[in-house]
Amino acid sequence: EITGLGWCGTRTAHASELAHFYEHVLGLNLVLAEPDFWVFELPDGRHVEVFGINYTGREHFDTGPVIGFAARDLPTAVSELQAAGVELLGEAGPTWQHFRGPDGNVYEIVAS
């Protein structure tokens with residue numbers, strides 16, 4: 001059961017410009033900044049993350065922003081994706097699983 005949007009992340013060659021835009025134009029709350037990585041928290045507690053191209057571990061974010069769909073039961077949601085023949089990307093994290101949609105874009109299921 002999908003309960004809403006749970007997360008959004010973008011990997012871009014213009015990461016510092018996008019992070020600046022999120023913070024200073026959209027007014028998002030910056031909660032973490034590291035080299036090539038920024039985390040912003042929305043009013044509902046969900047996160048928007050920006051990854052620079054030199055940030056390791058998100059190389060599969062190659063189709064644009066990655067949207068995370070919040071699910072009540074992550075293990076069940078992942079099992080249902082597998083049963084439907086959906087391509088899972090990498091190993092599941094403690095609260096997420098990336099997958100490729102039928103449109104070729106990367107998405108994720110995230111625990112709500």
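The legends below describe close-up views of a predicted model. Local features need pLDDT of at least 70, side-chain atom pairs count only at pLDDT 80 or more, and totals for chains, interfaces and linings use all residues. Residues are numbered from 1 along each chain as its sequence is written, and side-chain values use heavy atoms, with hydrogens and water left out.

**View 1. The open sheet of eight strands.** The strands (DSSP runs of E, at least two residues, numbered from the N terminus) follow the order 2-3-4-1-5-8-7-6 with mixed pairing; two strands pair if DSSP finds at least two bridges between them. Strand 2 and strand 6 are the edges, each pairing on one side only. From one strand to the next, the twist averages 25 degrees (axes are lines fitted to C-alpha atoms, for helices over the stretch in contact; angles run from 0 to 180 degrees between N-to-C directions).

**View 2. Strand 2, strand 3 and the loop residue Asp36.** Strand 2 and strand 3 run antiparallel, joined by five bridges, and Glu34 has Phe37 as its bridge partner in strand 3. Asp36 lies in the loop between strand 2 (29-34) and strand 3 (37-41). Its phi is positive, near 65 degrees, although Asp36 is not a glycine. Most residues other than glycine have a negative phi.

**View 3. The hairpin of strand 6 and strand 7.** Three bridges pair strand 6 (residues 87-89) with strand 7 (residues 96-100) in the antiparallel sense. Leu89 has His98 as its bridge partner in strand 7. Six residues separate the strands, and Gly90 in the turn has a positive phi of about 70 degrees.

Conventions
Helices (H or I, at least four residues) and strands (E, at least two) are DSSP runs, numbered from the N terminus.
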